[in-house]
Amino acid sequence: MTNTSDTILVVGAGGQLGSELTMELRKMYGDANVVASDIQTPKSEELRESGPFETLDVLDKNRLGELYGKYKFKQVYHLAAVLSATGEKNPKFAWKLNMDGLFHVLDAALEHKVEKVYWPSSIAVFGPNTPRENTPQHTIMDPNTVYGISKQAGERWCEYYFEKYGLDVRSLRYPGLIGYKALPGGGTTDYAVDIYHQALAQQTYECFLSENTYLPMMYMPDALKATLDLMHAPAEQVKVRSSYNLSAMSFSPKEITESIQKHIPDFSISYKPDSRQQIADSWPMSIDDSAAREDWNWKPQYSLDEMTKDMLENLKKMQEIPA
């Protein structure tokens with residue numbers, strides 16, 4: 001049962017997912033009840049002005065404890081992380097932020113009797129020996145990026161805190177997330193955000209993945225819906241306490257280009273695969289999310305063409321480009 005008077009903390013509220021999720025939570029729970037936090041002040045004026053914002057480095061355990069004490073949070077959404085491509089440039093720091101940040105949030109949640117914690121995992125937990133088509137919920141996981149290794153370890157710790165301490169931690173393995181409100185944050189699937197920006201700005205795009213690289217993707221409204229559906233499901237329906245597989249669509253750079261060309265016929269793409277190609281080649285091409293569908297009735301709403309139409313319309317409005 002959802003208690004709309006709950007006080008909620010969003011850690012990493014300035015990121016691609018956090019900026020939109022914070023606003024959705026404020027709609028549901030009231031602006032004053034949802035505290036946005038990040039290591040730097042968010043660029044989004046809407047996010048800063050619509051409700052409380054606190055500066056927080058999740059590696060600062062004392063500051064985190066201070067906020068828990070001040071606001072008496074009932075729910076925490078811990079979204080702060082170093083993503084896949086960025087993490088490879090500084091692996092030790094990525095591990096430290098991703099793991100110590102999680103421990104700080106989980107330990108403070110136990111100490112301050114938080115009712116529910118949300119922590120996102122990723123398709124990066126899978127690796128080169130994972131079945132790549134229709135990747136099962138339970139399968140071989142041999143991640144080969146520090147991001148994936150930290151997410152796999154995080155899944156195990158989330159389940160451990162649930163089993164050993166009874167902490168209600170919930171998680172989704174996100175595919176690539178695509179949205180128009182925030183710029184890409186350093187992930188391997190980020191081409192699928194950037195390509196829309198470039199299609200409008202200069203009608204051409206140089207892609208860092210090859211044309212037939214299929215990856216699981218999801219439009220942001222579906223990602224928000226899945227996150228909130230999971231967090232609002234009764235605890236007994238949440239049967240996977242590591243992290244749920246989640247899927248909406250899979251496509252290649254070639255296919256997203258064809259989708260954009262339906263609206264911008266002159267749009268062209270070229271390909272220059274870089275180090276991110278190797279990461280993409282070790283990830284699933286499509287995901288089996290039947291556990292999420294069965295346990296808490298997950299169902300995506302957007303197809304590739306529906307997403308393309310919506311992305312271009314909204315980016316045009318934001319850039320004030322005449323339709």
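**Packing of helices H9 and H12 and the nonpolar cores**

In this predicted model, helices H9 and H12 pack at an angle of about 55°, with their axes 9 Å apart, the axes being lines fitted to C-alpha atoms over the stretch in contact and the angles running from 0 to 180 degrees between N-to-C directions. H9 and H12 are therefore oblique to each other, a term for angles outside the ranges under 35, over 145 and 65 to 115 degrees. In this contact (heavy atoms within 4.5 Å), Glu255, Ile256, Ser259 and Ile260 of H9 meet Leu304, Asp305 and Thr308 of H12. The residues involved divide into 3 nonpolar, 2 polar and 2 charged.

The largest nonpolar core has 36 residues, and those with the most contacts inside it are Ile178, Tyr191, Tyr196, Phe251, Ile256 and Met307; such a core is a set of buried Ala, Val, Leu, Ile, Met, Phe, Trp, Tyr and Cys residues joined through side-chain atoms within 4.5 Å, where buried means under 20% relative accessible area with a 1.4 Å probe and protein chains only. Elements that each supply at least two residues of this core include H9 (253–261), H12 (304–319) and H7 (191–201), with helices taken as DSSP runs (H or I) of at least four residues. H7 gives the most, with 7 residues.

Not counting residues up to four places away in sequence, Ile178 touches several residues, among them Tyr196, Phe251 and Met307. A second, separate core of 34 residues includes Met220, Ala226, Leu228 and Val240.

Residues are numbered from 1 along each chain as its sequence is written. Local features need pLDDT of at least 70 and side-chain atom pairs count only at pLDDT 80 or more, whereas totals for chains, interfaces and linings use all residues, and side-chain values use heavy atoms, with hydrogens and water left out.

Key
Buried means under 20% relative accessible area, exposed over 50%, partly exposed in between (1.4 Å probe, protein chains only). Ala, Val, Leu, Ile, Met, Phe, Trp, Tyr, Cys and Pro count as nonpolar, Asp, Glu, Lys and Arg as charged, and the others, Gly among them, as polar.
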